[in-house]
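Please open the structure in your viewer and keep the selection panel at hand. The tour below proposes one selection after another and states what is found at each stop.

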Amino acid sequence: MQYVTAGESHGPTLVAVVSQVPAGVVVSSAAINADLRRRQSGYGRGGRMAIEQDEVRILSGLRFGRTLGTPIALEISNRDWENWTERMAQEGKAPRELELEQSPRPGHADLNGALKIGTRDCRDILERASARETAARVAAGAIAKAYLAHFGVELKSYVTRIGDVLLPSSEIERKAGVFSADKIEESVVRCPDAATSSLMVDAIDAAREAGESLGGWFNVTVTGLVPGIGGYAEAGDRLTSRIGGALFSIPAIKGVEFGLGFAAGTLPGSKVHDAIMRVEGGGRGRIARASNNAGGLEGGMTTGETLLVSAAMKPIPTMTTPLATVNLVTREATWASKERSDVCAVPAVAVVAEAELALVLAHAYQQKFGCDTINDSVQAFECYLARIAH
Ligand code: EPS
């Protein structure tokens, strides 16, 4: 399963094309829209989210609620487009009074992108580098989630830190994904603890007052995985690097950890590696682990334990008290352009990360269980489960 997106932040529409989806996967626009809403909600968003109400239009690849095995094209319109038809016109000449975005924001793609493509108008860059594009990724990810649901795989994300407010549970609990989905979805910042949520909201309010922006940490957990997904033989097969790459492709992600993550480098081997044991369950035995410090990945493959991924998002680069920059036209020192902006998008990025992770896992499942039709794949999956029972 692969995807590509197209669309500018203030253009008419966003598009995602998801290819190599097997036939027979149950897909609904309601499920895609539910994820789009989860991405849009979250305390700390700016004025744009009051304008947009993301809804998908499925343009191809589906018949009677099931995939056809053909590319699936998804469209999400930008409601804000009607305010940008002149500034973002696809054809004709730029309006005479057009204001150039010539003061690149530190931390955004503005400067490097402008140098790269030879423009003095950072809008040529920021329209695509904007995190608006992640709406299309979430729609694509919902197709991957629908595929994974046929194998009992489920994803969950939650926020563990915003600025200096940290979810106060032990490291293990924080990473183990023991929190209930209801508690997470109830929270305006996707944090499963009500008291911490309200401290996070206060921190976002204080940042807004101060003209600041805030980043944070979040976890994505995946349950229902079977062991042996991914690969050890070739660099490109390793799930660890594929997931890492996918998460780092999300704008503003600065760190990714699996299980103990960086802490694994501080402990002796006996405190890091997860002992192997046999457990009974569901009428057949299976091999399991006494702990899950590896975060569900070993040797580039799933262990069958919960996949635990943690990631850090940097603060949003657009601030109402801007940093110093250089005007690309006059070359004089100035202040970065101020734009309407979110203060904090950590809850949103956690949902985007679910989508990216789902797309990587769906691709890896297809490599193991085939990709023509979901029925064949599920049969292959059942055979595999029977073979690895102990
Ligand atoms: C973004 C800037 C803001 C955000 C936007 C990402 O948009 P605008 O410039 O229109 O105010 O709201 O995020 C979204 C639109 C979205 O759907 O997530 C940026 O510069 O990255």
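Two strands are said to pair if DSSP finds at least two bridges between them. With that criterion in mind, please select β8 and β9: 2 bridges join these strands, which run antiparallel. The model in front of you is predicted.

**First stop: the hairpin of β8 and β9**

Within this pair, look for Ile 162, which stands opposite Val 165 in β9. The hairpin has 2 residues between its strands, and Gly 163 takes a positive phi near 55°.

**Second stop: the sheet around β8**

Now add strand β10, which covers residues 216-223. It is joined to β8 (residues 154-162) by 8 bridges, and the two run antiparallel. Arg 161 may be found opposite Trp 217 in β10.

Next, extend the selection to β16 and β11. The full order of this open sheet is β9-β8-β10-β16-β11; it consists of 5 strands, and the pairing is antiparallel. Which strands stand at the edges? They are β9 (165-166) and β11 (253-258); each has a single partner strand, so one side of each is left without a neighbour in the sheet. As background, the strands of a sheet pair through backbone hydrogen bonds, in either a parallel or an antiparallel manner.

At the β11 edge, select residues 307-313, which form β16; this strand and β11 pair in the antiparallel sense over 5 bridges. To view one of the positions, display Gly 255, whose bridge partner in β16 is Ala 312.

**Third stop: the sheet of β3, β6 and β5**

Please move to another open sheet, in which 3 strands follow the order β3-β6-β5 with antiparallel pairing. Its edge strands are β3 (23-26) and β5 (62-63), and each of them pairs on one side only. Select residues 66-68 to show β6, which 2 bridges join to β3. Here Ala 23 has Leu 68 in β6 as its bridge partner.

**Fourth stop: the hairpin of β1 and β2**

Select residues 2-6 for β1 and residues 13-19 for β2; these strands pair in the antiparallel sense over 5 bridges. Ala 6 stands opposite Val 15 in β2. The two strands form a hairpin with 6 residues between them, and Gly 7 in the turn has a positive phi of about 130°.

**Fifth stop: two helices in contact**

Now select helix α1 (residues 29-40) and helix α11 (residues 346-369). They pack at an angle of about 145°, and their axes are 7 Å apart. Show the side chains at the contact: Asp 35, Arg 38 and Arg 39 in α1 meet Ala 348, Val 351, Val 352 and Glu 354 in α11. These contact residues divide into 3 nonpolar, no polar and 4 charged.

**Final stop: the ligand**

Keep Arg 39 displayed and select the ligand, since this residue is also among those around it. Others in the surroundings include His 10, Arg 45, Met 49, His 108, Ser 130, Ala 131 and Arg 340.

Which distances separate polar side-chain atoms from oxygen atoms of the ligand at three further residues?

- For Arg 48, the distance is 2.8 Å.
- For Arg 132, an N or O atom of the side chain is 2.7 Å from a ligand oxygen atom.
- For Asp 342, the distance is 3.2 Å.

To conclude, display the surface of the protein around the ligand: the protein covers 92% of the 460 Å² of accessible area that the ligand has on its own.

Terms used: Residues are numbered from 1 along each chain as its sequence is written. This is a predicted model: local features need pLDDT of at least 70, side-chain atom pairs count only at pLDDT 80 or more; totals for chains, interfaces and linings use all residues. Side-chain values use heavy atoms; hydrogens and water are left out. Helices (H or I, at least four residues) and strands (E, at least two) are DSSP runs, numbered from the N terminus. Axes are lines fitted to C-alpha atoms, for helices over the stretch in contact, and angles run from 0 to 180 degrees between N-to-C directions. Contact means heavy atoms within 4.5 Å. Ala, Val, Leu, Ile, Met, Phe, Trp, Tyr, Cys and Pro count as nonpolar, Asp, Glu, Lys and Arg as charged, and the others, Gly among them, as polar. A residue is near a molecule or strand if one of its heavy atoms lies within 4 Å of it. A polar contact is a pair of N or O atoms within 3.5 Å; within protein, one must be able to donate a hydrogen and the other to accept it, and residues adjacent in sequence count only if both atoms are side-chain atoms. Accessible areas come from the Shrake-Rupley method with a 1.4 Å probe; for residues, only the protein chains shown count as cover.
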